[in-house]
Amino acid sequence: MVGNRMDPWIDSYAQRAQGLTASAIRALFSVASRPEVVSLAGGMPYVSALDSEQFAQIAARVVREQGTVALQYGSGQGDQTLREQILEISGLVGVRSHPDDVVVTAGSQMGLDLVTKIFCDPGDTVLVESPSYVGALSVFRSYQCNVVHVAMDEQGLDPQALREALVTARVNNSPVKFIYTIPSFHNPAGLTQSIDRRQEILAIAQEFKVAILEDDPYGLLGFEGEPPQAIRSLDDQGVIYLGSFSKIIASGLRVGWVIAPHGVREKLVLAAEAATLCPSNFSQLTVSRYLAEQPWQQQIKVFQELYRERRDALLHSMQALMPTGTTWTVPQGGFYSWVTLPHQLNATTMLPRAISSLVAYVPGTGFYVDGQGAHNLRLSYCYPEPARIQEGVRRLAGVIEAELDLVNTFGVNYGDDGGRRSSPSLNPNSDLV
Amino acid sequence: MRIAILSGGLNAERDVSLRSGRRVAEALREALPNAEVIEVDLNGEFLDSLGSQSDSGHDSFDVVIPLIHGVIGEDATLRSMLELKGIPFIGSGSSSAARSFDKGIASGLVPQGSAPKFVAFPQSFFREMGAPRILDTVIAGIGLPLVVKPISGGSALGVRLCTAAEHVAPALVDAFGYGDRVMLQRAVSGTELAVTVIDSGGKLMALPPVEIVPLSGVYDFDARYTAGATEFFVPSRLAPDVVERVGAYAVAVHESLGLRDISRTDVVVDSSGVIWFLEVNVSPGMTETSLVPQAIEAAGLSVGGVFAELVDQAVARVN
């Protein structure tokens with residue numbers, strides 16, 4: 001007798017869809033959208049800082065004056081003018097290229113997907129930082145890649161660990177297709193590679209003849225000095241560069257880009273056409289007009305100042321309120337700080353208590369494919385206003401205290417749990433503000 | 001007629017509740033085309049709107065369908081407010097909901113001997129008395145395997161099966177994340193069934209039991225809400241006399257707890273045919289993969305039809 005599995009196609013799905021299941025963690029996040037909850041979880045840019053009236057006028061003019069183009073299919077590679085403007089922006093992080101080598105995508109997430117699609121067969125190895133961006137891990141898993149985490153230190157990706165991972169892959173006859181890295185204001189770790197570190201990583205990649213996939217959505221959102229120069233600025237043949245307007249204009253526009261060596265670019269365009277035919281002309285023309293008519297560099301400065309103020313609110317609050325033994329990284333830009341819990345508390349187990357206490361974060365295990373990160377969590381400071389951040393940290397500190405009490409009551413040591421290991425404590429809080 | 005479907009809320013079952021609300025709303029709009037069916041997320045404004053003329057000029061709701069799962073929705077909280085305001089609502093009253101929501105209290109009130117051996121303790125008891133000595137006594141007294149679960153709440157959140165003594169303390173830490181009291185209960189194995197009871201025109205009717213076979217072996221959150229992860233048999237594969245006994249048992253639970261309108265009793269039937277009580281739900285899930293809609297369909301009824309009748313009953317009850 002056969003029962004009902006509530007999905008008549010359950011036996012038809014591809015192997016890669018097996019991991020697409022419901023999860024209690026996702027269910028908990030549904031509460032985070034309620035206004036009562038201080039969400040330090042999502043990395044939503046603070047689009048309220050934009051002049052929405054200006055945007056409305058730009059969008060209206062796009063339709064009124066360029067409607068036959070904006071509402072029509074377009075080039076699979078993206079609008080020519082926008083690609084030239086993208087190079088102007090990328091020049092701020094030292095990336096020099098030709099508009100022909102730019103592919104416009106529906107956010108850099110699509111760029112990630114396309115690059116993985118053209119490089120990776122099932123089982124191919126991809127090296128990623130430890131921890132790494134959850135959205136990238138989802139893409140790599142969906143293409144059934146063998147994802148290998150490489151350790152980080154205070155300056156980001158650890159060259160020695162990278163070399164060892166490449167040697168191991170070679171010994172195992174498991175060629176590495178690319179090294180995925182977020183060198184500036186890392187998501188989730190909040191770290192930034194120095195220029196020396198970038199050169200070192202690039203030299204190793206060149207030695208092993210492995211491409212670097214450089215993801216740089218936050219590069220222009222530093223809080224001090226000039227923007228860090230992209231790895232791509234050091235090598236335009238060995239580095240594929242992903243950029244995005246999501247954080248410097250608005251994520252809802254869904255416009256990002258890939259800058260790639262010529263051969264890679266050709267394949268990306270064909271893959272992009274197969275996926276979506278073309279990126280949204282309306283969004284592209286809106287972005288292009290915004291860049292042409294508005295003081296966008298000034299707007300980026302507004303974002304930098306706003307996020308710095310929020311970063312400071314987070315760090316000051318943590319310094320004042322977090323229980324002893326809690327450590328965190330000090331981001332010099334971007335959206336995130338990576339927290340290590342005291343006494344190896346488990347951030348996933350603690351999440352229901354946090355949600356009940358009306359504060360949300362992302363448990364660290366989400367940034368690994370192998371169960372690491374149990375003692376870590378990511379805090380985002382980009383969206384809540386400073387007073388809300390302070391309140392969120394106050395609630396979170398209370399949650400950690402309560403969890404410590406619970407763990408002490410039962411003598412539970414998560415360090416021994418399932419052989420999982422913690423990622424290193426990246427920066428002690430004594431290094432803070 | 002204006003019908004409010006209350007879903008969402010502020011606990012871990014919010015997403016499940018929203019899906020339940022959408023499902024019932026769609027079904028009711030079809031069954032009652034002249035009614036105004038409004039999905040509402042519970043908040044202070046909603047409570048203000050009850051029993052008064054709202055700012056929009058509409059009357060208050062004629063009937064409320066509480067589909068908030070977990071705390072506030074399934075305990076006495078929301079239902080007490082509705083009773084104080086005199087608003088008709090579908091489902092059990094505040095006192096019986098409170099009894100049912102606490103698995104420890106409910107287990108003490110169901111037909112004698114049908115709840116597996118259990119204890120229920122607050123966290124403070126472990127802290128003040130010393131967890132190791134309590135756990136030694138509990139494990140010796142209840143035996144392994146045992147199940148650790150929050151005393152209230154649903155969707156198997158915070159529930160863990162412990163087959164070894166060293167699994168119990170981490171399971172308690174997990175469960176206490178969902179509430180201040182936790183139940184430790186002897187695990188029973190057998191056929192897992194969910195039995196829906198509907199009050200239809202003053203007569204309690206047990207719908208065909210839904211037999212649950214999770215592919216992973218454990219009916220946890222993922223198995224409950226991922227289509228394909230669990231195989232359901234309706235009617236169940238049990239012998240007709242067992243099915244009849246299970247139905248009668250669920251009706252007895254419904255009556256012994258003083259429930260109203262609709263309930264879902266979860267049981268295990270072991271290899272000897274003994275029926276074991278797990279829990280009862282006064283606001284059961286109504287999502288695409290939930291158990292009650294399957295039972296309703298197997299009985300030849302429709303979700304819209306059942307809820308439309310319950311709406312009439314709720315209104316008549318207050319009038």
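Domain bounds here come from an automatic or database domain assignment. With that noted, I looked up how chain A is split in this predicted model. I found domain 1 built from two stretches, 21-48 and 299-431, and domain 2 running over 70-293. I then checked the spacing: the C-alpha centres of domain 1 and domain 2 of chain A lie 26 Å apart.

Next I turned to where the two domains of chain A meet. I see 31 residues of domain 1 in contact with 29 residues of domain 2. On the domain 1 side, helix H11 (296-321) and E11 of chain A are the elements that give two or more residues. H11(A) gives the most to that side, with 6 residues. I also looked up the make-up of the domain 1 side, and it divides into 14 nonpolar, 13 polar and 4 charged residues.

Since E11 had come up, I followed it into its sheet. I noted an open sheet of 4 strands in chain A, in the order E10-E11-E14-E13, with antiparallel pairing. Strand E10 (327-328) and strand E13 (362-363) of chain A are at the edges, each pairing on one side only. I went along the E10(A) edge and found 2 bridges to strand E11 (residues 336-340) of chain A, in the antiparallel sense. In that pairing I could place A:Thr327 opposite A:Thr340 in E11(A).

Last, I jotted down the confidence values. The model scores ipTM 0.86 and pTM 0.90. For chain B, the average pLDDT is 92, and 97% of the residues score at least 70.

Conventions:
Residues are numbered from 1 along each chain as its sequence is written. Chains are lettered from A and ligands numbered from 1 in the order in which they are written. This is a predicted model: local features need pLDDT of at least 70, side-chain atom pairs count only at pLDDT 80 or more; totals for chains, interfaces and linings use all residues. pLDDT is the predictor's confidence in each residue, from 0 to 100. Two strands pair if DSSP finds at least two bridges between them. Two residues are in contact if their C-beta atoms, placed from the backbone, lie within 7 Å. Ala, Val, Leu, Ile, Met, Phe, Trp, Tyr, Cys and Pro count as nonpolar, Asp, Glu, Lys and Arg as charged, and the others, Gly among them, as polar.
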